[in-house]
Structure formats: structure tokens, C-alpha cells
Amino acid sequence: MMSDYILLTPGPLTTSQAVKETMLNDWSTWDVDYNETTQWIRRELLRIAHVSEEDYTAVLIQGSGSYGIESVINTGITAEDTILVLENGAYGRRMAQMAKGYGINTLELTFAEDQPVDANQVAAFLELHPEVTHLGMVHLETTTGILNPVSEVLVDAHERGIETIVDAMSSFGGMPIDVAAWNPSYLVSSANKAIQGVPGFAFVIAKREVLNQHSTTARSLSLDLYDQNHEMDTHNGKWRFTSPTHVVYAFAKALEELRAEGGVAARYARYANNQQKLERGMHALGFKTILADDVQSPIITSYMFPTADFDFQRFYDYLKAKRFVIYPGKVSKLPTFRLGNIGEIYDADIDELLTAIAGYDILPIPVLADFKTITD
């Protein structure tokens, strides 16, 4: 069944027609051209990250973004290590859950979901826990859309000799990130996020020196990040097991489109414009965000339910009938829903969405006659 939905989600997201058409062909994993495409993708990811092939490697791993995070935890942390996970949302909590699942010594430092990680509190915690060898955190926590101060936290962690894991799932490719300046041990993202591909694989940008120390650490065959990297390095991009061929070619096309758009800076400008226009319009309609402007990302925004009896499912169904698919909230203690604005989303799409919402028959305030003027 075909649809022309506009996905206002943090991934999967709306893709271009060219990306979709790329998947209409079948591909062989043994073709030299296919494996060279994998190698080109790996080099392009390092270029976007502003790191060298000598210092870092890009490893593609089958599965969703969570598989990428788990491959790092599975491969890069030994039974003798201790990880500190910083949490202000569901995805930080998921990272801790993964570590505990492998029997790894896991400490958790929790912050309110509407507040960013506090670097000073992290430093104080580390001062009390010299046993910490690894630190994991989320850059853009899509539970709310909040941005965390990764650079500030990582500088202190590195001074203490701690290896670091950054979940940059929703931000990499859509926001300027100088990975060389952050200097993480591992940074993880996914094909179906800001680079605007489709679901099917995650990728890990890993320090070669660190990854090479873990040739025998992995507890899982499929999620052995070291072995996956070794296979790709020594066999010109060959994946160890069946690779998502259609997804790989779609991602290569998405990377070409990112370049054509003007790179990450241009995409970030489009996303930021989308979010700002959306927020102005939603405020005009009486909806309130849960985050302060200085920590709100341009990727996804959480809105409070406008009334105590607000029926999210009814609102969802209404918008879906008008082509727009939104996300339920993930905040644990507040009734919220989320609107993403990444993917092939432009000014006209935001205008159409706001017009649709303005026509909903249960709004927190009466729609103003000059609504369009307010949102422009």
C-alpha cells in the first residue's frame, strides 16, 4: 500500500524521491562496486565528522541505532570496567540497560528530563568514583528534544583517562559536530536519521587505537564491532554477514544529497528554520513546549497536552488523515506529544501542518484571524 505521509518523527523520516527510487534495484553483496560503495560511505562519514582515517574508523553494523550502541558496549567494555551513564531521557536509560544486560558494572547519574546534563555535577560524581573507566551520554535526547553539553563533559572525562561513548543518533549530519574536537572514543548514529536514509544499519565512528584494544572482548558474534571493522578494513568493505543492500545504496544517495544541499551547515539551517517556524505557529495556537529555548534542539520538539482531557489518539488520527504522522510523547511524568522536522521537510510542509492543526476542532485557544501572519 503506497502512502505519501509526511513523517514528523525523529526517524524513520520522510526521504527524497531519489532515495526511494534507489531501492528499486537488487544488488549483490559480492559485487566489487557494492563493497566499494560501502568503503566510500565509510570515508564520507569520517569527512563529515572532521576526523582522519588514521585516527578513526567508521564501522557499519546491521540493525537500528540501538544495535550500534549495543555493539560498542558489547565490544568496548570489559568485565573489569565500570561505566557511568548520564541520563535525562529514555535513550540514556536504554544505554544503562544494555550495560547491565552484559553484567558490566554500571553507575547511573540521572537528571530531570526537561533539564540538560550538568557538567559540574558529572565532574563531582567522577571525583567520588575513581573506578569509572567509561562514560556514556546522549547528545540529543529525543525523549524531549533536549541538547546536552557533550564537549564540556568529555573534556573533563578525557582528563581523567575515561573512555567515552556518545549517542549522536538524531544529531549527526543535521547539526555541526566537530568529532575531532569532542574526541570521543565512540560516536554512534544511524542511517535513518539526519542524513535522511532509511532504516537498516547503524554506524559507529570509533577511535582505531581504542577499538583495536578490544579484539577479544565481545560477548556476541553478531555485535562484535572489532570483527566487523576488521572484515571491512581487510576485505575492501565486505560485511561479515548479510548486509542491507538496498539500505546501503539509499544511504549513499542520501549522502550525495547532503553534499548537494550544501553540507551539514545548510541542512542545519533548514532544520533550524523548520523548528523555529513550527514553534512560533504552535505557540500562536496555544501549545506550549516543555524546554527552555537555549537547550531546545532543531530536530524534534515536545509539546504539552493543551488540556487535561486532550485525546492524543484522536489528534493523531486527524493529522494522519491529512498526511502528517506525529510521535507520542516519551516524557515519563508529563503528558506530551512530539513533532519532528527533519527529513525532506520544507517551509511549505510546516505551513500545511500548521494550517491542518488550526483546523482541528479542539484547540487550547480560538484560532486567530491573522494566524498566517503570526507564523510567517
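## Burial and a salt bridge at Arg270

A residue counts as buried when its relative accessible area is under 20%, as exposed when that area is over 50%, and as partly exposed in between. In this predicted model, Arg270 has a relative accessible area of 10% and is therefore buried, whereas Glu261, with a value of 25%, is partly exposed. The side chains of these two residues, Arg270 and Glu261, meet in a salt bridge with a distance of 2.7 Å from N to O. Elsewhere, Asp4, Arg323 and Glu352 are joined into one network by salt bridges that share partners.

## Other salt bridges

Side chains of opposite charge can pair when their charged atoms come close. A search of the whole structure finds 16 salt bridges, and one of them links Lys100 with Glu108, where the closest N and O atoms are 2.5 Å apart. Both ends of this bridge are partly exposed, since Lys100 has a relative accessibility of 46% and Glu108 has a relative accessible area of 34%.

A further salt bridge joins Lys253 to Glu256, with 3.3 Å between the closest N and O atoms. An α-helix has 3.6 residues a turn, so residues three or four places apart point the same way. Lys253 and Glu256 are 3 residues apart in helix 10, and so about one helical turn separates them. Lys253 is partly exposed at 27% relative accessible area, and Glu256 is likewise partly exposed, at 41%.

## Lys238 and Trp30

Lys238 belongs to the loop between helix 9 (225-234) and helix 10 (245-261). What does Lys238 lie over? Lys238 is placed over the face of Trp30, at 4.3 Å from the ring centre. Lys238 is buried and yet has no salt bridge, for the nearest side chain of opposite charge, that of Glu231, is 6.0 Å away. A salt bridge would need a side-chain nitrogen of Lys or Arg within 4 Å of a carboxyl oxygen of Asp or Glu. When residues up to four places away in sequence are not counted, Lys238 touches Thr29, Trp30, Asn35, Glu231 and Met232.

## Helix 2 and helix 11

Helix 2 (residues 32-49) has 18 residues, and the distance from its first C-alpha to its last is 26 Å, close to the 26 Å expected at 1.5 Å a residue. The buried residues of helix 2 include Tyr34, Asn35, Thr37, Ile41, Arg42, Glu44, Leu45 and Ile48. Against which elements do the buried residues of helix 2 pack? They pack against strand 2 (56-62), helix 7 (179-182), strand 10 (201-207), helix 9, helix 10 and helix 11. His50 follows helix 2 and has a positive phi, near 65°.

Helix 11 (residues 263-284) has 22 residues, which should span 32 Å at 1.5 Å a residue, and its end C-alpha atoms are indeed 32 Å apart. Just after helix 11 comes Gly286, which takes a positive phi of about 95°.

## Aromatic rings

The structure holds 18 aromatic pairs. Among them, Tyr318 and Tyr360 form a tilted pair, with 4.9 Å from centre to centre and 50° between the planes. This pair links distant parts of the chain, 42 residues apart, since Tyr318 is in helix 12 (residues 312-321) and Tyr360 is in the loop between helix 13 (347-358) and helix 14 (371-375). Tyr360 is buried, with a relative accessible area of 6%. Tyr318 and Tyr360 also belong to one aromatic cluster, whose other members include Phe287, Tyr303, Phe310, Phe315 and Phe337.

## Two buried loop residues

Pro184 has its place in the loop between helix 7 and strand 9 (186-190), and is buried, with a relative accessible area of 0%. Although Pro184 and Val155 are 29 residues apart in sequence, their C-alpha atoms are 9.4 Å apart in space. Leaving aside neighbours within four places in sequence, the contacts of Pro184 are Tyr56, Leu154, His158, Thr164, Val166, Val179 and Lys207.

Leu8 is found in the loop between strand 1 (6-7) and helix 1 (17-22), and is buried as well, with a relative accessible area of 3%. Leu8 and Arg338 are 330 residues apart in sequence, while 8.3 Å separates them in space, C-alpha to C-alpha. With neighbours within four places in sequence left aside, Leu8 is in contact with residues including Phe324, Ile326, Tyr327, Arg338, Leu339, Ile345 and Leu353.

Conventions: Residues numbered from 1 in each chain as written. Predicted model: local features only at pLDDT ≥ 70, side-chain atom pairs only at ≥ 80, totals over all residues. Heavy atoms only, no water. Phe/Tyr/Trp six-rings, centres within 6.5 Å; stacked < 30°, edge-to-face > 60°. Helix = DSSP H or I, 4+ residues; strand = E, 2+ residues; numbered from the N terminus. Buried < 20%, exposed > 50% of the residue type's maximum accessible area, 1.4 Å probe, protein only. Lys NZ or Arg CZ within 6 Å of the ring centre and 35° of its normal. Expected span 1.5 Å × (residues − 1). Lys, Arg positive; Asp, Glu negative; His and termini not counted. Contact = heavy atoms within 4.5 Å.
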